[in-house]
Amino acid sequence: LVAMRPHSRTPLVSDLDTHLLTCYVKLDPRHRDAGLAFADGHTVADPTIVFDATYLHSLYNDHDHPVLWLVADFWHPDLDADEIDALTRFFLLDEQFALRRFLSQSLLDKLFSSDTQLDFLP
């Protein structure tokens, strides 16, 4: 969830995640002065915006009231089932590595309780 103050913009960003598409949903679609701006100057103010976030983009709110956005990432439709499976396993392994570095028993317990078929931690 992203909350934007009136008359504000986020910096231009690119997430470099070519395996994902991003969806922004304005929780109040009446805010027509809020949307997505791309580095090339193109803007989109639709209530729901699905796009490739590898392109430089920013959110803007030129409205007099705050705007709430629901943000979700999902698999790029060009990925096949094997690619999605490989990426899912990689991200699970990466999560285990990150949690292992903290050496917190409570975090490790949570990891083991949610672990799905990846048993790389001692």
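This dialogue works through backbone angles and strand pairing in a predicted model.

Student: How should I read a positive phi, and which residue in the loop between β1 (2-4) and β2 (8-9) is a case to look at?

Tutor: As a general idea, most residues other than glycine have a negative phi. In this predicted model, His7 has a positive phi of about 50 degrees although it is not a glycine, and His7 lies in the loop that runs between β1 (2-4) and β2 (8-9).

Student: Is His7 buried or exposed?

Tutor: His7 counts as exposed, because its relative accessibility is 53% and the cut-off for that class is over 50%.

Student: What is the phi of Leu16, and where is Leu16 found?

Tutor: Leu16, which is not a glycine either, has a positive phi of about 60 degrees, and its place is the loop between β2 and β3 (20-26). Leu16 is also exposed, with a relative accessible area of 67%.

Student: Turning to the sheet, in what order do the 4 strands lie?

Tutor: The open sheet has the strand order β2-β7-β4-β5, and its pairing is antiparallel. The edge strands are β2 and β5 (43-44), each of which pairs on one side only.

Student: How many bridges join β7 to β2, and how many join β7 to β4?

Tutor: Between β2 and β7 (residues 57-61) there are 2 bridges in the antiparallel sense, and Arg9 has Tyr60 in β7 as its bridge partner. Between β4 (residues 34-38) and β7 there are 5 bridges, again antiparallel, with Phe38 bridged to His57 of β7.

Student: How do I read the two faces of a strand, and which residues of β7 lie on each side?

Tutor: The general idea is that in a regular strand the side chains alternate between the two faces of the sheet. In β7, one side carries His57, Leu59 and Asn61, while the other carries Ser58 and Tyr60. Both faces are covered, since these residues are all buried, and the count for the strand is 5 buried residues of 5. Two of the buried residues of β7 have already appeared as bridge partners, namely Tyr60, paired with Arg9, and His57, paired with Phe38.

Technical notes: Residues numbered from 1 in each chain as written. Predicted model: local features only at pLDDT ≥ 70, side-chain atom pairs only at ≥ 80, totals over all residues. Heavy atoms only, no water. Buried < 20%, exposed > 50% of the residue type's maximum accessible area, 1.4 Å probe, protein only. Pairing = 2+ DSSP bridges.
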